[in-house]
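I opened a fresh page for this one and went looking at pockets, charged pairs and the surface. Here are my notes, in the order that made sense to me.

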Amino acid sequence: MEPCRQVPVAFTINGRAVSLEVAADETALHVIRDRLLLKGTKEGCGIGECGACTIVVDGKAVNACLMLAAQLQGRNIMTVEGLIEKHELSVLQKAFLEDHAVQCGFCTPGMLMSSCALLKDKPRPDKGDIVDAISGNLCRCTGYQQVVGAIQDAARRLFGEKA
Ligand code: FES
Ligand code: FES
């Protein structure tokens, strides 16, 4: 059998430049979790349904299980590990914890990355914007209200009250 073709890729992840060779059929999720050992990004369904693997690619929330590793070429990637600011949890992470938006925590990295992309794009989102932004992130524990509340809280703490 032919060995799987290897493709060189270079990208930035959480501010760090990375270059490596990836298999043509390898997913971004596999590279992030199993080769770069950034285990915060979770694998749930593996087919684009649960959002547990959400990362931010050039400012947009993306399912890493649906992205080929070769498509990382030249991109700027952020995973949940990149949210830490000066060894401290970010405002968004603190809001999730303090507002009880984390229970088992399996969905949390994906929720955080979808929220992070939303707040970069729209610093003062309304409730509908938030619901839309996390509509691809499934949570079996919280019932979503606390998650929406935490994102509203983070937006207020970061950017002030909605005009
Ligand atoms: S693991 Fe990617 S969407 Fe479920
Ligand atoms: S906190 Fe358990 S799945 Fe969301």
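**Entry 1: the largest pocket**

I began with the lining by class: the largest pocket has seven nonpolar, two polar and two charged residues. A reminder to myself before going on: this is a predicted model. The space in this pocket comes to about 210 Å³. Which elements give two or more residues to its lining? I found α2, α3 (108–121) and α5 (145–159). Of the elements, α3 gives the most, with three residues. I also wrote down some of the lining residues by name, among them Gly82, Leu83, Glu85, Cys116, Lys120 and Phe159.

**Entry 2: the second largest pocket**

Next I turned to the second largest pocket, which holds about 160 Å³ of space. Its lining divides into eight nonpolar residues, one polar and one charged. Cysteines caught my eye here: the lining includes Cys50, Cys104, Cys107, Cys139 and Cys141. Gly44, Ala52, Phe106, Leu138 and Arg140 are also part of that lining.

**Entry 3: salt bridges**

How many salt bridges does a search of the whole structure find? I got seven, and I followed up a few of them.

Asp34 and Lys39 meet through their side chains, at 3.3 Å from N to O. I checked how covered the two partners are. Asp34 has a relative accessible area of 41%, so I put it down as partly exposed. Lys39 is partly exposed as well, at 36%.

Lys94 pairs with Glu88, and their closest N and O atoms are 3.1 Å apart. Here Lys94 has a relative accessible area of 29% and is partly exposed. Glu88 is also partly exposed, with 44%.

The pair I spent longest on was Glu98 with Arg157, whose closest N and O atoms are 2.9 Å apart. Glu98 sits in helix α2 and Arg157 in helix α5, so this salt bridge ties together parts that are 59 residues apart in sequence. Glu98 counts as partly exposed at 46% relative accessibility, and Arg157 does too at 39%. I then looked for shared partners: salt bridges join Glu98, Asp153 and Arg157 into one network.

**Entry 4: a nonpolar patch**

Which residues form a nonpolar patch on the surface? I noted Ile84, Leu89 and Leu97, which together have about 250 Å² of accessible area. I picked Leu89 for a second look. Leu89 lies in the loop between β5 (76–78) and α2 (91–98). Its relative accessibility is 34%, so Leu89 counts as partly exposed.

**Entry 5: Val22**

Last, I wanted a residue from a strand, and I chose Val22 in β2 (residues 16–23). Is Val22 buried or exposed? Its relative accessibility is 0%, so I marked Val22 as buried. I also checked Val22 against Pro8: the two are 14 residues apart in sequence, while their C-alpha atoms are 6.3 Å apart in space.

**Entry 6: looking back**

Helix α2 turned up on several of my pages. It gives two or more residues to the lining of the largest pocket, it follows the loop that holds Leu89, and it carries Glu98, the partner of Arg157 in α5. Helix α5 also came up twice, as it too gives two or more residues to that lining.

Conventions:
Residues numbered from 1 in each chain as written. Chains lettered and ligands numbered in written order. Predicted model: local features only at pLDDT ≥ 70, side-chain atom pairs only at ≥ 80, totals over all residues. Heavy atoms only, no water. Patch = residues over 30% accessible without salt bridge, like charges linked within 9 Å, V, L, I, M, F, W, Y side chains within 5 Å. Areas by Shrake-Rupley, 256 points an atom, 1.4 Å probe, with all protein chains shown as cover. Salt bridge = Lys/Arg side-chain N within 4 Å of Asp/Glu carboxyl O. Helix = DSSP H or I, 4+ residues; strand = E, 2+ residues; numbered from the N terminus. Buried < 20%, exposed > 50% of the residue type's maximum accessible area, 1.4 Å probe, protein only. 1 Å grid on protein atoms, 1.4 Å probe; cavity = no way out; pocket = protein on both sides within 12 Å on 5 of 7 lines; lining within 4 Å. Points joined across faces, edges and corners; volume = space filled by probe spheres on them. Nonpolar A, V, L, I, M, F, W, Y, C, P; charged D, E, K, R; others polar.
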